[in-house]
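Biologist: I'd like to go through this model with you and ask how you back up each claim. Could you bring it up?

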Amino acid sequence: MAKKSDTMSIFDYDPSFHNLMKRMLENAMEHSFHGIMITKAEPGYPIVYVNDSFSQMTGYSSEEIIGKSPAILQGPRTDQAVLDRLSQALSEGRLFHGEAINYRKDGSEFVMEWKIVPIKNEKEITSHYLALQRDVTK
Ligand SMILES: Cc1cc2nc3c(=O)[nH]c(=O)nc-3n(C[C@H](O)[C@H](O)[C@H](O)COP(=O)(O)O)c2cc1C
């Protein structure tokens with residue numbers, strides 16, 4: 001694995017550490033203060049995972065949103081220019097960071113700030129996207 005610096009990364013420990021690392025990542029995602037969403041890198045970006053913070057922020061349970069598109073969060077006042085910038089970034093394999101008006105399950109508006117990171121598989125092909133999301137309504 002390529003190293004970004006000379007500092008030993010926690011991801012670079014010996015293979016027996018991988019199981020522990022997996023549990024740490026699972027726990028970090030489940031208990032994060034941020035909403036976390038994972039989608040497939042396919043048309044419509046079907047959702048495969050959301051954490052509890054996402055459900056608290058939006059009103060959608062994991063059971064009801066898995067398989068749907070994150071576009072479910074959008075509505076009449078969502079800024080299309082932000083979504084165009086998002087599509088451009090993802091098509092170029094770049095990280096996206098932006099904010100836009102989103103809608104909870106009950107129809108109420110809030111301002112979502114989110115980042116999307118492309119996740120590559122072992123063949124170096126982007127198979128999933130990971131989003132970190134938070135309510136930044138003032
Ligand atoms: C991982 C991921 C998370 C997303 N999260 C949000 C979000 O929180 N709010 C939002 O308005 N759009 C979000 N989107 C963007 C919509 O899914 C996207 O605008 C919609 O699917 C249409 O995209 P397209 O025109 O490129 O197909 C997210 C997309 C991905 C891949």
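Modeller: Sure, and keep in mind that it's a predicted model. Let's start at the ligand: β1 (35-40), α4 (80-91), β3 (96-103), β4 (109-120) and β5 (126-135) each put at least two residues into the shell around it.

Biologist: What makes a residue part of that shell, and how many residues surround the ligand?

Modeller: Its C-beta atom, placed from the backbone, has to lie within 6 Å of the ligand. By that test 21 residues surround the ligand, with Tyr-45, Pro-70, Ser-87, Tyr-129 and Ala-131 the closest.

Biologist: And what's the shell like by class?

Modeller: There are 13 nonpolar and 8 polar residues, and no charged ones.

Biologist: Which residues touch the most other members of the largest nonpolar core?

Modeller: Of its 14 residues, those are Met-37, Val-50, Ile-116 and Ala-131. Two or more residues come from each of β2 (47-50), α2 (52-58), β4 and β5, and β4 gives the most, with 3. Take Ala-131: leaving out residues up to four places away in sequence, Ala-131 touches Met-37, Trp-114, Lys-115 and Ile-116.

Biologist: Why does the span of α4 agree with what you'd expect?

Modeller: The expected span is 1.5 Å times one less than the residue count. For the 12 residues of α4 that should come to 16 Å, and the end C-alpha atoms are 16 Å apart, so the two agree.

Biologist: Why is α4 called hardly covered?

Modeller: Buried takes 20 or more other C-beta atoms within 10 Å. Among the 12 residues of α4, the count of buried ones is 0. Just after α4, Gly-93 has a positive phi of about 70°.

Terms used: Residues numbered from 1 in each chain as written. Predicted model: local features only at pLDDT ≥ 70, side-chain atom pairs only at ≥ 80, totals over all residues. Helix = DSSP H or I, 4+ residues; strand = E, 2+ residues; numbered from the N terminus. Nonpolar A, V, L, I, M, F, W, Y, C, P; charged D, E, K, R; others polar. Core = buried A, V, L, I, M, F, W, Y, C linked by C-beta atoms within 7 Å. Contact = placed C-beta atoms within 7 Å.
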